[in-house]
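Subject: The structure to look at

Hi,

Here is the structure I promised to pass on. Have a look at it first, then read my notes below.

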Amino acid sequence: MALLEIQNVTRRFGEFTAVDGVSIDIQAGEFFTLLGPSGCGKTTLLRMIAGFDLPDGGRIVLNGMDLAERPPEERPVRTVFQSYALFPHMTVEGNIAFPLQMAKTPGTAIPGKVQEALEDVRLTGFGKRYPHELSGGQKQRVAIGRALVTHPTVLLLDEPLAALDAKLREEMQIELINLQKEVGITFVYVTHDQTEALALSHRIAVMNKGRVEQIDEPSRLYSFPASRFVADFIGTCNLLEGAIASSSDGIVAVEVAGLGTVRVAAALPAAPPAGTIALRPEKIRVQAAAAASAAADRPDNHFLGTVTEYLYLGDVTVYIVTTPAGRKLETLLANSGAGRTKFFEVGDAVEVSWPVDAGHFIGQPDRSVSST
Amino acid sequence: MRRRPIGLWAAALAGYAFLYVPLLIVIVYSFNDSRLNAEWVGFTFGWYDKLFHNQDMLLAAGNSLLIGLTASAVATLLGTMAGLAMYRYRPRLLSILVLAPIAIPEILMGVSLLIFFVLLNLTLGLVSVALAHIAFCIGFVAIVVRSRLAGMDESLTEAARDCGASPLNAFRYVTLPLIMPGVIAGALMAFTLSIDDFVITFFTAGAGTVTLPLQIYSMIKIAVTPEVNAVSTLLMLLTLALIIVASKLSPSLLGTDEENA
Amino acid sequence: MQARARLGRWLVSGPPVLYLLVFFAAPALIMVLASFRTPGDFGGLAPLVEDGRLDLNLDSYARFFTESVYAQIFVKSVWYALLTTLFCLLLAYPLAALIARSAKKHRDLLLLLVILPFWSNFLIRIYAWMIILGPNAALAKTVNGALGWLGHEPVPLLFSSFAVLVCLVYVHLPFMVLPLYANLEKHDRALLDAAQDLGAGAWQRFWRITFPLSLPGVYAGAALVFIPALGIFAIPDILGGPEDSLIGNVIKQQFLETRDWPFGSVLSIVLTVAALVLAGTAAWIGRGSLGTPSSAEVARA
């Protein structure tokens with residue numbers, strides 16, 4: 001049985017449905033992330049787990065126990081708020097001791113536990129300071145320390161790194177991963193930043209407009225998106241859409257406008273009328289047109305085009321290749337060549353190519369063949 | 001900043017002068033060695049001396065203090081509850097009841113309470129005045145507390161609940177300490193309003209009870225002496241001190257928070 | 001969990017509501033009832049039930065509508081309140097504008113200075129004008145000296161409608177300044193710059209841009225001045241002459257001297273209705289106009 005079961009939960013605000021029949025099973029010890037754009041319902045769902053909101057339909061079950069009758073203070077769930085919500089009139093020690101006092105921990109035991117918590121978040125010695133004397137990253141850690149000090153069953157984190165600058169954010173991400181491993185508590189993390197989600201999580205639930213699009217491990221989400229939304233939201237993706245020309249022997253051929261016939265490896269029980277192929281930029285081989293046609297290992301899908309734009313990003317360069325029929329494809333090449341030259345210039349004639357297993361077939365406009 | 005328009009400055013300065021010169025005259029003449037508040041004769045503390053030996057005045061001051069302390073204590077308690085309720089739940093009935101006494105002319109409350117107390121056979125005196133003062137002070141305290149709550153970070157209360165605090169404990173350990181400056185400011189304001197009140201007290205005090213403003217009123221009507229100036233000056237200084245302390249505790253007192261249409 | 005929340009809500013809002021129902025709403029209703037009753041033999045109210053019958057009548061209302069002197073006094077009170085509001089507006093505007101334009105760090109102090117006189121005792125403020133306008137004081141002597149030089153009779157400044165008006169304005173001025181300031185403070189300076197850029201002079205900029213935008217603040221301030229001013233009695237009582245009785249004075253007289261409580265109640269109800277109508281109008285106007293947040297806040301409160 002899963003540790004935390006969200007069973008068909010719905011939440012409406014007047015006409016607007018924030019969470020629409022969401023079902024998720026979260027296992028003990030997981031770093032689970034709710035990922036989606038703002039307004040997709042992830043924060044509302046988190047608040048319902050914490051107890052600050054009640055579902056209109058469905059149940060939330062923790063360790064086999066329905067949480068509905070329990071107010072926030074009676075749930076073994078702790079939250080790290082986006083704004084940290086540190087009590088300004090208490091010291092760091094006061095903040096961390098507060099949950100222990102509320103749990104009626106004997107007074108003699110409290111200082112010891114507080115020190116332990118401070119060590120866990122690497123803030124030993126900061127006990128006597130007040131929140132306004134701390135930096136953003138330090139406040140972050142106090143908030144986490146306060147949430148963990150009573151060893152809750154689940155820790156909820158509501159976009160905790162959103163207010164930090166990029167460098168600090170990266171550091172904190174690594175710390176969070178290590179902390180979670182050390183402490184072993186189940187984390188439920190909310191973010192709109194897909195790179196962050198990919199880096200931190202064991203599993204991710206991608207949400208859109210109140211519904212769950214796909215729940216999977218990061219690498220599977222990336223390589224096998226279940227819908228156009230997921231394909232587009234996670235990383236960048238070329239979405240090649242068109243009518244199905246044929247489907248046999250595990251190969252599906254799609255007629256893509258402006259490109260031609262694109263073949264993708266997919267075993268379909270029955271051939272739908274149309275579909276989309278999700279193709280990641282880095283999977284496309286780009287070669288000078290002349291050289292490509294002579295290559296021995298030329299992949300099945302190959303098309304001619306011209307480099308029309310590029311974006312130099314330091315470690316990689318994005319090249320936009322446009323076919324004669326006007327179709328644009330985004331490709332990505334690492335700048336690993338000797339010296340500092342780019343591979344191609346605007347106007348170069350190139351051939352883009354990829355094997356049939358480079359793309360991923362998404363059957364209906366919004367549903368996929370295989371999902372977890 | 002931009003060019004200073006002289007006209008605006010002059011008009012504004014005239015406005016401030018208009019506000020303060022009358023009060024300054026009262027203060028200055030309290031030290032004037034003359035019965036008439038007309039021309040300056042000489043400096044004296046005589047009127048203050050007479051004041052402190054004036055039995056009626058001392059009694060009135062004592063009454064005002066007693067009523068003020070009682071009324072402000074009760075009004076602060078009820079007003080804080082009202083402010084909290086108005087912020088959290090936005091109830092219609094409570095908001096109207098709390099704010100109406102501030103919006104309508106004072107005389108209406110005075111006469112309606114007079115009828116009310118007489119019909120209840122309640123002897124008019126200290127108690128009736130205190131009850132009346134509480135009624136109109138609740139609104140002021142509620143507004144100050146509500147605006148203090150509005151300035152507070154909402155997620156702090158949620159964090160307290162999240163940490164295992166019941167709603168009562170969350171209020172006691174987190175909300176209350178944070179709004180305390182506002183509560184104290186409200187209390188000081190209620191005290192000042194009570195000490196200074198004339199109209200409502202006039203109708204609800206009955207024949208035998210005198211508060212400081214009522215005493216000043218009869219002195220003005222019957223026999224004006226600079227003793228009035230002296231007591232006015234002292235009262236002004238007291239009020240000034242209280243309000244400055246209150247505004248330090250709750251800067252919103254200076255804004256439009258205490259007024260409404 | 002829902003039930004607990006509802007209980008909490010009643011515990012918190014209950015006591016204040018109860019107190020105010022008893023000591024504010026009930027007296028108001030009783031006063032309405034009193035307006036239909038008969039005056040008692042020795043003043044006050046006659047018993048409600050006389051010989052087993054309910055003694056209610058419209059006599060007092062009839063008196064108000066037939067004896068024109070009362071309606072006249074009421075009209076006079078409205079007139080005085082209007083004048084007070086107008087003069088307060090004229091005096092308050094420059095003050096509010098100056099504070100709104102000042103550097104942020106000065107504003108608190110400037111506002112405090114405007115409010116402090118309000119916190120001094122009401123009677124003291126009236127008394128101060130008794131001194132200033134007194135026959136032996138400098139002002140009266142100067143004015144009457146000048147009049148005498150022009151060949152006029154000396155004019156008493158005190159115990160006159162002039163004294164009443166000056167004091168009315170004096171006492172209510174802070175109430176006009178605050179809402180005006182709250183409104184003016186939110187004005188976008190860029191609008192005036194744009195107007196100037198388009199060729200508008202100083203007066204034009206004020207009249208066509210600043211003033212219209214400040215109307216919500218003007219209405220709020222007007223309501224805060226007009227309504228209390230309507231019910232004032234202490235100022236005419238102390239500073240006014242026999243001709244300067246306002247509706248507040250008549251009400252006081254009815255309740256404490258003549259002791260015709262039903263009639264006094266009728267007068268009070270007329271005053272209340274006028275005040276409520278005006279407050280409602282001010283709130284409606286303030287909410288309706290595309291005002292600044294301050295006006296919406298004021299209207300909502």
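Let's start with one small detail: A:V256 has A:G260 as its bridge partner in β13(A). That bridge belongs to a pairing between strand β12 (residues 251-256) of chain A and β13(A), which is antiparallel and has six bridges. Strands count as paired if DSSP finds at least two bridges between them. The strands themselves are DSSP runs of E with at least two residues, while helices are runs of H or I with at least four, and the numbering goes from the N terminus.

Before going on, some housekeeping. This is a predicted model, where local features need pLDDT of at least 70 and side-chain atom pairs count only at pLDDT 80 or more, while totals for chains, interfaces and linings use all residues. Residues are numbered from 1 along each chain as its sequence is written, and chains are lettered from A and ligands numbered from 1 in the order in which they are written.

**The sheet around that bridge**

β12 and β13 are part of an open sheet of five strands in chain A, with the order β13-β12-β11-β14-β20 and antiparallel pairing. Which strands stand at the edges? They are β13 (260-265) and β20 (360-362) of chain A; each has a single partner strand, so one side of each has no neighbour in the sheet. From one strand to the next, the twist averages 45° (axes are lines fitted to C-alpha atoms, for helices over the stretch in contact, and angles run from 0 to 180 degrees between N-to-C directions). As a reminder from class, strands of a sheet pair through backbone hydrogen bonds, either parallel or antiparallel.

**A covered strand in chain A**

Next, find strand β9 (residues 203-208) of chain A, where six of the six residues are buried. Buried means that 20 or more other C-beta atoms lie within 10 Å of the residue's own; exposed means 12 or fewer, partly exposed is in between, and the C-beta atoms are placed from the backbone. A:R203, A:A205 and A:M207 point one way from β9(A), whereas A:I204, A:V206 and A:N208 point the other way.

What does β9(A) pair with? Strand β3 (residues 31-35) of chain A runs parallel to β9(A), with four bridges joining them, and A:F32 stands opposite A:R203. Strand β10 (residues 211-216) of chain A pairs with β9(A) in the antiparallel sense over five bridges; there, A:A205 has A:I215 as its bridge partner. The hairpin of β9(A) and β10(A) has two residues between the strands, and A:K209 takes a positive phi near 50° in it.

**Chain A as a whole**

Zooming out, chain A has nine helices and 20 strands. Its C-alpha atoms fill a box of roughly 80 × 50 × 35 Å along the principal axes, and 41% of its 372 residues are buried.

The domain assignment, which is automatic or comes from a database, splits chain A into domain 1 (4-229) and domain 2 (230-362). Their C-alpha centres lie 39 Å apart. The contact between them takes 13 residues from domain 1 of chain A and eleven from domain 2 of chain A, where contact means C-beta atoms, placed from the backbone, within 7 Å of each other. On the domain 1 side, α7(A) gives the largest share, with three residues.

**Chain B and its neighbours**

Chain B has eleven helices and zero strands. Its C-alpha atoms fill a box of roughly 70 × 65 × 30 Å along the principal axes, and 56% of its 261 residues count as buried.

Why is helix α10 (residues 212-222) of chain B described as largely enclosed? Eight of its eleven residues are buried, so the rest of the structure largely encloses it. Among those buried residues are B:L212, B:I216, B:Y217 and B:M219. The buried residues pack against α3 (55-89), α8 (167-196), α9 (199-204) and α11 (226-249) of chain B, and also against α5 (122-132) and α10 (234-239) of chain C.

Finally, 16 residues of chain A are in contact with 15 residues of chain B. On the chain A side, α2(A) gives the most, with three residues.

Cheers

Notes: Two residues are in contact if their C-beta atoms, placed from the backbone, lie within 7 Å.
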